[in-house]
Amino acid sequence: MTVLLLFWMHSRGQNFRGQVTWECTLKRKSLDEAEILMRAKIAPGWHMYALGNNPKSPIIMDFKFQADRSYQLLGNVSQPVPLNKFEKLLGLPVTYFENEVEFGQKIKLKGQNGTIRGTIQFMQCSDEICIPPQEFGFALKIFK
Amino acid sequence: MKTIKDILYFLSLPLIILLIMAFKGLADDKKLENIKHTNPDKSFAVVELFTSEGCWSCPPADELIAKLQKGNQNKKLFILAFHVDYWDHQGWKDQFSKSIYTGRQKQYATWMSLSTLYTPQLVINGKTEMIGSETAKVLSGIQSAMLESHPENLSIKAARTSGKTIQVSYSTTSTAKSTSILVALVQKQASSQVAAGENAGKNLSHVQIVRELQQRELKAHDSFSFKLPENNDAWEIIAFEQNQKSGEIIDAAGIDL
């Protein structure tokens, strides 16, 4: 019975469950400093690429923030140490994450109300397939 | 005596697994042979692979279609590799990719109610789709398609009219409604150079690359013209009739140039 169930689940594999989901929050650190926290949950069997992969490869991973008078970016997006492996076809090492990862972007608050609008471009692959690059947009309100 | 019994027990499971794998390998090889054999009783199989030079999960799927194409005697096995363009960006471009091929894959996602595009994706006769590297599934799918029966009414002719221009004409006795005729110019073999990394300068080889696709409403006969890109490689024209409501491919024909 369990064996039959396993086979049935496998053959339904084409309706892929396992999209990366994002949760973005703003963590206030002081009167004029905060950090945008962007946490991704990656389904089992999948991985998502990290920042810093070779720009001459098809890998896309990036964060864009719309300029607003209420804040200013401080430095670049930070990420934990990623996993890495060597991709034979590309002939390049690639870095990626599994399970869960949180990215951070420090910002300086300018003492005004406003909204942070961000777009995350990311890519996920399993051992067998890759999904086209996707985009996630978010908006966080700043209250002075 | 007891230890020999233990050793046998210990080895039996891995041995069984090895035997199953070997058997599967042999079964796949047999299917491959069966598919590539000429057989006038078998129906056509139009095999479309959506792939990309930049997709590193694609090589096993690319290799599978290369195996299908090599030494193929079955004139009703049509293989088309469409290179999608969504892996292209500033730092990387698949030289064979076109947005209309991504458009075609999107059309299949609509017809088949799929939740996402992905590579490598393989579609057979516009009706079934699967991961292009799942060998057993692909081979079974092709075999099933070949066992179906279709009225085969499509015939095509191709002639080189000048230098690089090819004139393709078809005629059909099909009376199907809501059906389009699609004609593909297929480059049988090509290689590209890897731009970066340790394999920089090495060649990637590809087969059955669709270089141009034209589509029109199906008529009793019509004619298309193609321009060969600059090279001396081997070419093929593959034409097929596709129902525009369901995506099902109802007839197919091909000709070597």
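In this predicted model, helix α2 of chain B, residues 59-69, has a buried set made up of A61(B), D62(B), L64(B), I65(B) and L68(B). Looking down the axis of α2(B), these buried residues fit within an arc of 160 degrees, so they line one face of the helix. The general background helps here: an α-helix has 3.6 residues a turn, so residues three or four places apart point the same way. Quite a few elements share the job of covering the buried residues of α2(B), including α1, α4 and the strands β1 (45-51), β2 (77-83), β3 (121-124) and β8 (203-217) of chain B. Just past the end of α2(B) comes G71(B), with a positive phi of about 65 degrees.

Two of the helices named in that cover, α1 and α4 of chain B, also meet each other. Two packed helices are described by the angle between their axes and the distance between the axes. For α1(B), residues 2-36, and α4(B), residues 135-147, the axes come within 10 Å and cross at roughly 35 degrees. The crossing of α1(B) past α4(B) is left-handed. On the α1(B) side the contact involves K24(B), D28(B), K31(B), L32(B), N34(B) and I35(B), and on the α4(B) side T135(B), A136(B), L139(B), I142(B) and Q143(B). Sorted by type, the residues of this contact come out as five nonpolar, three polar and three charged.

Next come the strands of chain B, starting with β10. Strand β10(B), residues 235-243, is mostly covered, with seven of its nine residues buried. One of its pairings is with β7(B), residues 179-193, antiparallel and held over nine bridges. Within that pairing, S180(B) sits opposite Q242(B) of β10(B). Strand β10(B) also pairs with β11(B), residues 249-256, again in the antiparallel sense, over seven bridges. Here I238(B) has G254(B) of β11(B) as its bridge partner. The two strands β10(B) and β11(B) make a hairpin with five residues between them, and in the turn G247(B) has a positive phi of about 90 degrees.

A charged residue also turns up among the buried ones of chain B. E129(B) belongs to strand β4(B), residues 128-131. With the cut-off for burial at 20 or more other C-beta atoms within 10 Å, E129(B) counts as buried because 22 of them lie within that distance. Its C-alpha atom is 9.2 Å from that of E48(B), although the two are 81 residues apart along the chain.

Taken as a whole, chain B has four helices and eleven strands. Its C-alpha atoms fill a box of roughly 80 × 45 × 35 Å along the principal axes. Buried residues account for 36% of its 257 residues. Of the contacts in chain B between residues at least 6 apart in sequence, 67% link residues at least 24 apart.

Chain A has one helix and eleven strands. Along the sequence, the helix is followed by a run of strands, in the pattern α-β-β-β-β-β-β-β-β-β-β-β. Chain A has 144 residues, of which 25% are buried. As for its contacts between residues at least 6 apart in sequence, 71% join residues at least 24 apart.

Some of the strands in chain A are arranged in an open sheet of four, in the order β6-β7-β3-β10, with antiparallel pairing. The edges belong to β6(A), residues 83-87, and β10(A), residues 124-126; each has a single partner strand, so one side of each is left without a neighbour in the sheet. Neighbouring strands in this sheet are turned by 45 degrees against each other on average, direction ignored. Between β6(A) and β7(A), residues 92-97, there are five bridges in the antiparallel sense, and F86(A) is found opposite P93(A) of β7(A).

Another open sheet of four strands in chain A runs β1-β2-β8-β5, also with antiparallel pairing. At its edges are β1(A), residues 21-28, and β5(A), residues 71-78, each with a single partner strand, so one side of each lacks a neighbour in the sheet. From one strand to the next, the twist averages 20 degrees. Inside this sheet, nine bridges tie β2(A), residues 33-41, to β8(A), residues 100-109, and the two run antiparallel. In that pairing, L37(A) stands across from G104(A) of β8(A).

Notes:
Residues numbered from 1 in each chain as written. Chains lettered and ligands numbered in written order. Predicted model: local features only at pLDDT ≥ 70, side-chain atom pairs only at ≥ 80, totals over all residues. Pairing = 2+ DSSP bridges. Axes fitted to C-alpha atoms, helices over the stretch in contact; angles between N-to-C directions. Buried ≥ 20, exposed ≤ 12 C-beta atoms within 10 Å, placed from the backbone. Contact = placed C-beta atoms within 7 Å. Left-handed = near helix turned anticlockwise from the far one by under 90°. Nonpolar A, V, L, I, M, F, W, Y, C, P; charged D, E, K, R; others polar. Arc of directions from axis to C-beta.
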